[in-house]
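Hi there,

Here is the structure I promised to pass on to you. Have a look at it first, and then read on for what turned up in it.

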Amino acid sequence: MNSLWDAIVIGAGFSGLNAARTLRSHGKNALVLEARDRVGGRTKHGQIAGLDIDLGGMWLAPSQTRLFALADTMGIGRYPTFLKGKSVLSMAGKQGVVNGEDFTQLLSLREKIQAYLLLRKLNHLLSTVNDADPWNSVNSSELDSLSVEAWLCKATGSERLRALIRVICASVFCAEAPQVSMLFFLVYLKGGGGLEAMISADEGGGQNLLFHGGVHQIARNMAQELGDHLHLNEAVHSIDVSSTEAVVATGLAQYRAKRVIVAVPPTLMNRINITPPLPSAQAALHNRVNMGSVIKFWVAYPTPFWRQQGFNGSIVRDDKPASPCFDVSPPDSPLGLIAGFFEADHAVHIGDSSKEQRREHVVDMLAEHFGEQALNPVDYVDEDWTQEEWSKGCYGAFAPPGVMTHYGEWIRTPHHTIHWAGTETATEWAGYIEGALQAGERAAREVLEGLANDQ
Ligand SMILES: Cc1cc2nc3c(=O)[nH]c(=O)nc-3n(C[C@H](O)[C@H](O)[C@H](O)COP(=O)(O)OP(=O)(O)OC[C@H]3O[C@@H](n4cnc5c(N)ncnc54)[C@H](O)[C@@H]3O)c2cc1C
C-alpha cells in the first residue's frame, strides 16, 4: 500500500473535481479516482460538423454563481440560447406557434384561468417545502405519497395543462409523471428557483446560456490542475472505514486516506462494497432512487435557415419523441445547430432503434415545421445516456413516491469517514452542474472540519 492521503475523492465529475479543488485550496492532498477514461461524468465532449459540442450537461442559468465564477477564472465566455421569433408548441391535440416561450397563447380563456389557478397552487406548495430537509415540511407525508400524475389529476381538470406538466416532468427528470414523487418534484423546483426559472430558456432560466466551446472544457481544466493526483480507468470496488484510516480499493491498487468523498450518482453508490455496511435506511435510499432516461441529439445545417422563416428553432410537442429541441447555434459559426432530447419513456423505447432511425424521427419533425431543407442536415450525432455504464441514466436521480419521507434524511449523512457528494446531494440546483459544484464544496468542507477535529 502507498502513502496516506488526506482525502480520496471517488468520481471525477464536476462534484468530485470541485471537492478536490476545494481541499487543495486549503492545502490538503487529495487523490481523485475515476472509473472512466475521461473526466466530466455526465458532461462530455463531442463534435458535430467539426464543432466542439456538449453531449451531456450544457446550459447555465445566470443564478448559477459557482459555474459562472469557474468559467470566468478560465476565460470561457457564454452566449444566450436563441429565442427571437416563434416557437412550435403542441399539447393534448392542439398545435400552434407562440412568441418566444409564451405557452399561454395556445390556451383558451378558460384554460388560462385554470393555468393561473394551477400555478398558484404549485407556488403555494413550493412556499411550504423546506429545501434542506424537505421530509420535515408541512404535508410532506401526503405530498410524498402522491406521484406528480396523481397530484395533477386532483389539481386541475384541464387535459391540456396536465399534458404540459407531464412534458415538464419528463423534461426535468427524464421520467414520467406517474413515476416521480410530488414532494421530490417540489423540492427540485424549489432548488432551481421555481417552475418558471427551471424550465425557461429566457433571461434567468435554466436553459438561458451556453458556453463557447462547451461546458466540458471546465471539467478538463479542473482535471489538469490535479496533475497526477487524478487516476483515470480506476473504478473503486470497495471502501473499508472500519479503522481510523480508510482503505479504498480499485482493480489496480489499494489506497489509504483519512477521509473519503463519494461523488457518484446514488444508484452507483451501492455498487461499491462498503465496510462496515451502510445503515439499512441509507442503503435503501441508494437502492430506491432511479436514474432518468435520456438520449441527447444534435443536428447541424449549413445555416440556421428556420430563422429566416421567423422561427427560433424551439419545438415542444407531447406527440413526438424528439422533443424538446432548441436552436443552440454558436454566434461565431455560420452553422445552424439544433439540440434536443428523447426523454423518459421516449428514450426507453427509441433506445432500441438504430441511430439512423432516431435521426429520421428528428429530421422529419424539423421538416414538418421548417420545410424540406431540414431533411438534409450536414451532420447528426446522439448520445444514449441509459447505455453509459458509469451513469446508468440521466440527467439525475429521482425519487418515486414514499422514498424521500422514509429515507431522504440519509442523503448527506456521513458514514464513519465517508462523505457524500454528487449533484443529487445538493440543496440548490440538484441534478444540475451547479448542484454538483455545491455538493462537492459542502463535502469538502465536512472533510476539512473532520480533519481539524481528528488532530
Ligand atoms: C444529456 C444531459 C443533459 C444535461 N443538461 C444539463 C444542463 O444543460 N445543465 C446542467 O446544469 N446540467 C445538465 N445535466 C446534468 C449534469 O450534467 C449533471 O447534473 C452533473 O454533470 C453531475 O455531476 P456529478 O459530478 O454530480 O456526477 P457525474 O457527472 O455523474 O460524475 C460522477 C463520476 O463518478 C464516476 N464513477 C461512478 N462510479 C465510480 C466508481 N465506482 N469508481 C470511480 N468512479 C466512479 C463516473 O464515471 C463519473 O465520472 C445534463 C445531463 C445530461 C446527461
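Is E159 buried, partly exposed or exposed? With a relative accessible area of 40%, E159 is partly exposed, because the partly exposed class runs between 20% and 50%. Before going further, please keep in mind that this is a predicted model.

**A pair within one helix**

E159 has a partner: it forms a salt bridge with R162, and the closest N and O atoms of the two are 3.3 Å apart. Both residues sit in helix α6 (residues 159–173), and because they are three residues apart there, about one helical turn separates them. R162 is buried, at a relative accessible area of 14%, while E159 is partly exposed.

**A pair that links distant parts of the chain**

The structure holds 26 salt bridges, so there are plenty for you to explore on screen. Another one joins D327 to R307, with 2.8 Å between the closest N and O atoms. This pair links distant parts of the chain: D327 belongs to strand β17 (residues 325–327), R307 lies in the loop between β15 (294–301) and β16 (311–317), and they are 20 residues apart. D327 is buried, with a relative accessible area of 0%, whereas R307 is partly exposed at 27%.

**Following R36**

R36 is a good residue to click on next. It forms a salt bridge with E388, where the closest N and O atoms are 2.6 Å apart. Here, too, distant parts of the chain are linked: E388 is in the loop between β19 (379–384) and β20 (397–398), R36 is in the loop between β2 (30–33) and β3 (45–48), and their positions lie 352 residues apart in the numbering. Both partners are buried, E388 with a relative accessible area of 14% and R36 with 9%.

The pair is part of something wider, as R36, R38, K44, E383 and E388 are linked in a network of salt bridges. The side chain of R36 also makes a polar contact with the side chain of S391, at 2.8 Å. S391 is found in the loop between β19 and β20 and is buried, with a relative accessible area of 1%.

**Around the ligand**

R36 leads us to the ligand as well: an N or O atom in the R36 side chain is 3.0 Å from an oxygen atom of the ligand. The protein covers 98% of the 1,000 Å² of accessible area that the ligand has on its own. Two backbones come into play too. A backbone N or O atom of A35 is 3.1 Å from a ligand nitrogen atom, and one of W59 is 2.7 Å from a ligand oxygen atom.

How many residues surround the ligand? There are 38, and the closest are E34, R42, W59, T423 and G431. Sorted by type, this shell holds 22 nonpolar, 11 polar and five charged residues. Helices α1 (14–25) and α15 (433–454) each supply at least two residues of the shell.

Finally, why does the ligand lie between two domains? Domain 1 (4–42 + 216–278 + 415–454) and domain 2 (45–83 + 206–214 + 293–387) both give residues to the shell, so the ligand lies between them.

Enjoy exploring, and write back with any questions!

Best wishes

Note on methods: Residues are numbered from 1 along each chain as its sequence is written. This is a predicted model: local features need pLDDT of at least 70, side-chain atom pairs count only at pLDDT 80 or more; totals for chains, interfaces and linings use all residues. Side-chain values use heavy atoms; hydrogens and water are left out. A residue is near a molecule or strand if one of its heavy atoms lies within 4 Å of it. A polar contact is a pair of N or O atoms within 3.5 Å; within protein, one must be able to donate a hydrogen and the other to accept it, and residues adjacent in sequence count only if both atoms are side-chain atoms. Accessible areas come from the Shrake-Rupley method with a 1.4 Å probe; for residues, only the protein chains shown count as cover. Helices (H or I, at least four residues) and strands (E, at least two) are DSSP runs, numbered from the N terminus. Ala, Val, Leu, Ile, Met, Phe, Trp, Tyr, Cys and Pro count as nonpolar, Asp, Glu, Lys and Arg as charged, and the others, Gly among them, as polar. Domain bounds come from an automatic or database domain assignment. A salt bridge is a side-chain nitrogen of Lys or Arg within 4 Å of a carboxyl oxygen of Asp or Glu. Buried means under 20% relative accessible area, exposed over 50%, partly exposed in between (1.4 Å probe, protein chains only).
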